[in-house]
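Visitor: I'd love a close look at a single part of this structure. Could you walk me through it slowly?

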Amino acid sequence: MTLDLTGQTALVTGGTRGIGRACVEALARSGARVAFTYRSSSAEADALVEALAEEGFETMALQSDAADAAGAQDVVARVTDRWGRLDVLVNNAGITRDRLMLRMSEDDWDAVIGTNLKSVFGYSKAAYSVMMRQRSGRIVNLSSVVGVMGNAGQTNYAASKAGIIGFSKSLARELGSRGVTVNVVAPGYVETDMTAAMPDAARQAMLGTVPLGRAAQPGEIAAAVLFLASPAAAYITGHVLMVDGGMAM
Ligand code: NAD
């Protein structure tokens, strides 16, 4: 069993930076043709397609807001029109709008649930009909330790990430007999733009709770995603793989 995805087609939501970008790179370097979505940064998306083309890999960037379920149908149709199949879906796009409950607005709630959780519904729904027809497919959803442990100031984010776990386990049960696996990767503290935006004191406090004593690099999360997308993980479904330096054990 290998991590070789030669001949396969993958789709990553929110692929221009951070963990999503690392997933695009890892999947492409393992042999898959990779499509990825982005919300607004066309220049970054084009640069990534070009950089991977220089390495000899075929990728495709598609602009679509992850929360838009009709957009998800359109993105998946464009991938299958071009490449004829869809083997791997990575639901990565995510945002934070951290505030204590007292100050959290309905808009903060809706934005985070829409981008983080509704997007997983939209893309999974668009992908699974293709995967069911193929009788094979891999869906890997990005949750977070916060979805398991909770975190003050992140009720909206934690709800979205816990929701992803319940959604994934349910879909894993629905699709198991069709040869489609659904798994979750739950990162701890990863060095990306998302965590760079946190106050320094909060970052230091979080680091103090990591037994391995450091933050993860995006590629360390992508390695877990690649494993779950690969033939090596054929008998794993409905699993939540914590990639957190021991934070949530
Ligand atoms: P990031 O902010 O660096 O990147 C997020 C990506 O999602 C970007 O490419 C962004 O453009 C995209 N995105 C955001 N909203 C979008 C939308 N509406 N439509 C399309 N794309 C959109 O964040 P990251 O740290 O790389 O996080 C990636 C995933 O991992 C998220 O789901 C996040 O919740 C999760 N995660 C991150 C950490 C961490 O410590 N960084 C920890 C646990 C979980």
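Visitor: Which exposed residues does the face of H2 turned away from its buried side carry?

Guide: Happy to take you there, with the reminder that this is a predicted model. The outward face of H2, turned away from its buried side, carries Ala 43, Glu 50 and Glu 54, which are exposed. Now for the helix itself. H2 covers residues 42–54, and because each residue should add 1.5 Å, its 13 residues should span 18 Å; the C-alpha atoms at its ends are 18 Å apart, in agreement.

Turn to the other face, and you find Ala 45, Leu 48 and Leu 52 buried. These three lie on the same side of H2, because they cover an arc of only 60 degrees around the axis. An α-helix has 3.6 residues a turn, so residues three or four places apart point the same way. The cover over the buried residues of H2 includes helix H1 (18–29) and the strands E2 (33–38) and E3 (59–63).

From here the view widens to the largest nonpolar core, which has 33 residues. H2 supplies at least two of them, as do H1 and E2, among others. Val 34 is one of the residues with the most contacts inside this core. Not counting residues up to four places away in sequence, Val 34 touches Val 24, Leu 27 and Ala 28, and also Thr 59 and Met 60, among others. Another core, of 22 residues, lies apart from this one and includes Val 75 and Tyr 123.

Lastly, follow the chain onward: after H2 comes Gly 56, with a positive phi near 95 degrees.

Technical notes
Residues are numbered from 1 along each chain as its sequence is written. This is a predicted model: local features need pLDDT of at least 70, side-chain atom pairs count only at pLDDT 80 or more; totals for chains, interfaces and linings use all residues. Side-chain values use heavy atoms; hydrogens and water are left out. Helices (H or I, at least four residues) and strands (E, at least two) are DSSP runs, numbered from the N terminus. The expected span of a helix is 1.5 Å times one less than its number of residues. Buried means under 20% relative accessible area, exposed over 50%, partly exposed in between (1.4 Å probe, protein chains only). The arc is that of the directions from the helix axis to the C-beta atoms. Contact means heavy atoms within 4.5 Å. A nonpolar core is a set of buried Ala, Val, Leu, Ile, Met, Phe, Trp, Tyr and Cys residues joined through side-chain atoms within 4.5 Å.
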